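I opened this notebook to follow charged side chains through a structure that is new to me. I also wanted to look up one further residue and the places it touches.

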Amino acid sequence: YNEENYEYVPLNECLPIIQNGRLLVASTFVIPYPPGFPVLVPGQVISEEIINFMNALDVSEIHGYRADLGLRVFTEKVLNRHKVVTSMGGMSLGKKK
């Protein structure tokens, strides 16, 4: 695991970020306790509804969430790396098979 692939977003900043069009994708399980059921799993797109739910939670613990830092999400660089064309991959662009 490379920590450069992740960043923390404070919960109170998530809604404005989502509303501005940025995709937030969870990189960890987030499990309120009780009851102990995940509200986020790695790779899940974080929706406004999930943020509103988390803001309304009144539980003793939330595993996978750090109140001092926020939600751990994948960086935009990681999410966009499929858009990067390498020089080797670009060699086949435009060629017919």
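I began with Asp 68, which I find exposed because its relative accessible area is 58% and the cut-off for exposed is over 50%. I am working on a predicted model, and I keep that in mind for every value below.

Next I asked which residue Asp 68 meets in a salt bridge. The partner is Arg 66, and the N to O distance between the two side chains is 2.7 Å. For Arg 66 I looked up a relative accessible area of 39%, so I enter this residue as partly exposed.

I then checked how many salt bridges the structure holds. The count is 4, and I went on to those that involve Arg 22.

**Entry on Arg 22**

I find Glu 7 and Arg 22 joined by their side chains in a salt bridge, with 2.6 Å from N to O. This pair links distant parts of the chain, since Glu 7 belongs to strand S1 (residues 6-9), while Arg 22 sits in the loop between helix H1 (11-19) and strand S2 (31-33), 15 residues apart.

Is Arg 22 buried or exposed? I have Arg 22 down as buried, because its relative accessible area is 18% and buried means under 20%. Its partner Glu 7 has a relative accessible area of 27%, so I list Glu 7 as partly exposed.

Arg 22 also forms a salt bridge with Glu 76, where the closest N and O atoms are 3.7 Å apart. Here too the pair links distant parts of the chain, with Glu 76 in helix H3 (residues 76-80) and Arg 22 in the loop between H1 and S2, 54 residues apart. Glu 76 counts as partly exposed, because its relative accessibility is 42%.

Putting these two pairs together, I note that Glu 7, Arg 22 and Glu 76 are linked in a network of salt bridges. As background, I remind myself that side chains of opposite charge can pair when their charged atoms come close.

**Entry on Leu 11**

I turned last to Leu 11, which I located in helix H1. Leu 11 counts as buried, because its relative accessibility is 12%.

Which residues does Leu 11 touch, not counting those up to four places away in sequence? I wrote down Ile 51, Met 54, Asn 55, Tyr 65, Gly 70 and Leu 71. For one of these, Met 54, I also looked up the separation from Leu 11: their C-alpha atoms are 8.4 Å apart, although the two residues are 43 residues apart along the chain.

Key:
Residues numbered from 1 in each chain as written. Predicted model: local features only at pLDDT ≥ 70, side-chain atom pairs only at ≥ 80, totals over all residues. Heavy atoms only, no water. Helix = DSSP H or I, 4+ residues; strand = E, 2+ residues; numbered from the N terminus. Buried < 20%, exposed > 50% of the residue type's maximum accessible area, 1.4 Å probe, protein only. Contact = heavy atoms within 4.5 Å.
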